[in-house]
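User: I'd like to learn how to read a model like this one, feature by feature. Could you walk me through it?

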Amino acid sequence: QLQVAESGGGLVQYGGSLTLSCATSGSTLDYYAIGWFRQAPGKEREWVVCINRDGSTAYADSVKGRFTMSRDNADYTVYLQMNKLEPGDTAVYHCGPSYYGLGSGCHYDSWGQGTQVTVSS
């Protein structure tokens, strides 16, 4: 089973950038589609992005054009580059094995502890 550990969160100003990392272990990353979701206090979980084994990606409308996900199978790591950050992006970000449901977005089978991203206005 793929295990994950997220890192890279922090405090950033409106319009700033952050890159999150998701280090994987326990299995071969090549075998998995994987993605990120976020959860803000008092809010529902929100899917952000997932990337398939072939590298194709699906982004939520709220982050499209601002966030870019990539995977490095050789390094067992996936990344989330976040640009033009807004206060609405403030949340705990989690990564994990995922799949894409047509019309319903990305769904996640498991995830790590997450990393906090806070965007100040």
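User: Where should I begin: what share of the residues in the protein is buried?

Analyst: Keep in mind that this is a predicted model. Buried residues make up 42% of the 121 residues. As for the surface, the protein exposes about 6300 Å², and carbon and sulfur atoms supply 46% of that area.

User: How many helices and strands are there in the protein?

Analyst: Counting the elements gives zero helices and 11 strands. The radius of gyration is 13 Å, close to the 14 Å that the globule rule gives for 121 residues, so the protein is as compact as a globular protein of that length. Along the principal axes, its C-alpha trace spans about 40 × 30 × 25 Å. Sequence separation is useful too: among contacts with a separation of 6 or more, 57% are between residues 24 or more positions apart.

User: Which residues of the largest nonpolar core touch the most other members?

Analyst: That core has 27 residues, and those touching the most other members are Ile34, Trp36, Met69, Leu80, Met82 and Tyr93. Strands β3, β4, β5, β7, β8, β9 and β11 each supply at least two residues of this core. A second, separate core has five residues, including Phe37, Cys50, Ala58 and Tyr108.

User: What does Met82 touch, beyond residues up to four places away in sequence?

Analyst: The partners of Met82 are Gly16, Ser17, Leu18, Leu20, Arg66, Phe67, Tyr93 and Val117.

User: Now a single strand, please. Which side chains of β7 are buried?

Analyst: In a strand, look for alternation. Along β7 (residues 67-72), Phe67, Met69 and Arg71 point to one face and are buried. Thr68, Ser70 and Asp72 point to the other face and are not buried.

User: In what sense do β7 and β8 pair?

Analyst: They pair in the antiparallel sense, over six bridges, with β8 covering residues 77-82. Within this pair, Ser70 of β7 stands opposite Tyr79 in β8. The hairpin has four residues between the strands, and Tyr76 takes a positive phi near 55 degrees there.

User: Let's finish with one residue in β7, Thr68. Why is it called partly exposed?

Analyst: The label follows from relative accessible area: partly exposed lies between the buried limit of under 20% and the exposed limit of over 50%. Thr68 has a value of 43%, so it is partly exposed. Leaving aside neighbours within four places in sequence, Thr68 is in contact with Tyr59, Tyr79, Leu80 and Gln81. For a distance across the chain, take Thr68 and Gln116: they are 48 residues apart in sequence, and their C-alpha atoms are separated by 18 Å.

Conventions: Residues are numbered from 1 along each chain as its sequence is written. This is a predicted model: local features need pLDDT of at least 70, side-chain atom pairs count only at pLDDT 80 or more; totals for chains, interfaces and linings use all residues. Side-chain values use heavy atoms; hydrogens and water are left out. Buried means under 20% relative accessible area, exposed over 50%, partly exposed in between (1.4 Å probe, protein chains only). Two strands pair if DSSP finds at least two bridges between them. A nonpolar core is a set of buried Ala, Val, Leu, Ile, Met, Phe, Trp, Tyr and Cys residues joined through side-chain atoms within 4.5 Å. Contact means heavy atoms within 4.5 Å. The radius of gyration is taken over C-alpha atoms; the globule rule is 2.2 Å times the number of residues to the power 0.38. Accessible areas come from the Shrake-Rupley method with a 1.4 Å probe; for residues, only the protein chains shown count as cover.
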